[in-house]
Amino acid sequence: MAKHKGLSFYKKKNKLSPSLVKEIFSWSFGIFAAVFIAAVLNYFLGAATNVVGTSMEPALYNGQKIYINRFLYVVTSPQRGDVVVFLPNGNENSHFYVKRVVAVPGDRVLIRGGVLYVNGLESPWVTEKVVEAGIAENELTLGTGEYFCMGDSPGSSEDSRSANIGPVKEEDIIGKAWFHADCEKSGYGFVK
């Protein structure tokens, strides 16, 4: 008896083999992982801003582009000497401030005779004479989560000495300035 070669409404089902499903899952997972890692790295290490003003010269200068490491302060706290980026008093309408941490929580800060003293010792972070002592004219002790930040060039810096800024709260710190870029002047490099 010959097979009927006419129309057939029954279609043989193609089965997905386990190896094909595994391959599709592997590719999908790889693409998702790559996009996720790129997004995380961009958020934590790809944030950038420009330095505004001359308060951080000679380390950084006006208009210089810096990259911000947001991840570092998720796992640790700012240290003396770190150059940090913050919003003064958490003001979202302000530009980012770029200053050096000169004192950390629990430290005593005093400016007397143009010299910055931290815990009774002369600070190595501010070597220029400080003309305006501001709120550090009388010794102050930093509370939990407070940082005293100043520009490397204190004569042209609005910083923690100003009553309208004061000690910077840890939650207002965006991250650490870790890399600068400018091919015209000093090239590329890590912020010191």
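# A guided tour of the predicted model

An open sheet of four strands, arranged in the order 7-6-5-8 with antiparallel pairing, is the starting point of this tour. Strand 7 (121-122) and strand 8 lie at its edges, and each of them pairs on one side only. Please keep in mind throughout that the model is predicted.

## The whole chain

Before selecting individual residues, display the entire protein chain. The chain contains two helices and 12 strands. Followed along the sequence, these elements give the pattern α-β-β-α-β-β-β-β-β-β-β-β-β-β. The chain has 192 residues, of which 36% count as buried.

## Inside the open sheet

Return to the sheet and select strand 5 (residues 108-112) together with strand 6 (residues 115-118). These two strands pair in the antiparallel sense over four bridges. They form a hairpin with two residues between them. Select Gly 113 in the turn: this residue has a positive phi of about 65 degrees. Beside the turn, select Arg 112 of the chain, which stands opposite Val 115 in strand 6.

Next, add strand 8 (residues 140-141) to the selection. Strand 8 runs antiparallel to strand 5, and two bridges join them. Which residue of strand 8 is the bridge partner of Arg 108? That partner is Thr 141.

While the sheet is in view, one general point may guide the eye. In a regular strand, side chains alternate between the two faces of the sheet.

## Strand 9 and its partners

Now select strand 9 (residues 146-150). Four of its five residues are buried, so strand 9 is largely enclosed by the rest of the structure. Two pairings of this strand can be examined in turn. With strand 10 (residues 168-169), strand 9 pairs in the antiparallel sense over two bridges. Within this pairing, Glu 146 stands opposite Lys 169 in strand 10. With strand 4, strand 9 also pairs in the antiparallel sense, here over three bridges.

Move along to strand 4 (residues 97-103) and select Arg 100, which lies in it. The bridge partner of Arg 100 in strand 9 is Met 150. Is Arg 100 buried or exposed? Arg 100 is buried, because its relative accessible area is 5%, and the cut-off for buried is under 20%. Show its side chain as well: the side chain of Arg 100 reaches the backbone oxygen of Gly 81 at 2.8 Å.

## Aromatic pairs along helix 1

Turn next to helix 1 (18-45) and display the aromatic rings. How many aromatic pairs does a search of the whole structure find? The search finds three. One of them is formed by Phe 25 and Phe 29, which are stacked, with 6.4 Å centre to centre and 20 degrees between the planes. These two residues are separated by about one helical turn, because they are four residues apart in helix 1. Phe 25 is exposed, with a relative accessible area of 57%.

Then select Phe 32 and Phe 36. Their ring centres are 6.3 Å apart and their planes stand at 20 degrees, so this pair is stacked. Both Phe 32 and Phe 36 lie in helix 1, four residues apart, which is about one turn of the helix. Phe 32 counts as exposed, at 55% relative accessibility.

## A nonpolar patch

Select Leu 16, Leu 20, Val 21 and Ile 24 together and switch to a surface display. These residues form a nonpolar patch on the surface, and together they have about 370 Å² of accessible area. Leu 16 is found in the segment before helix 1. At 61% relative accessibility, Leu 16 counts as exposed, because the cut-off for exposed is over 50%.

## Helix 2 and a distant part of the sequence

For the last stop, select Leu 72, which has its place in helix 2 (residues 72-75). With 27% relative accessibility, Leu 72 counts as partly exposed. Add Lys 176 to the selection. Where the sequence places Leu 72 and Lys 176 104 residues apart, the C-alpha to C-alpha separation in space is 7.3 Å.

Technical notes. Residues are numbered from 1 along each chain as its sequence is written. This is a predicted model: local features need pLDDT of at least 70, side-chain atom pairs count only at pLDDT 80 or more; totals for chains, interfaces and linings use all residues. Side-chain values use heavy atoms; hydrogens and water are left out. Two strands pair if DSSP finds at least two bridges between them. Buried means under 20% relative accessible area, exposed over 50%, partly exposed in between (1.4 Å probe, protein chains only). A polar contact is a pair of N or O atoms within 3.5 Å; within protein, one must be able to donate a hydrogen and the other to accept it, and residues adjacent in sequence count only if both atoms are side-chain atoms. Patches are made of residues with over 30% relative accessible area and no salt bridge: like charges are joined within 9 Å, nonpolar side chains (Val, Leu, Ile, Met, Phe, Trp, Tyr) within 5 Å. Accessible areas come from the Shrake-Rupley method with a 1.4 Å probe; for residues, only the protein chains shown count as cover. A salt bridge is a side-chain nitrogen of Lys or Arg within 4 Å of a carboxyl oxygen of Asp or Glu. Rings of Phe, Tyr and Trp (its six-membered ring) pair if their centres lie within 6.5 Å; planes under 30 degrees apart count as stacked, over 60 as edge-to-face and the rest as tilted.
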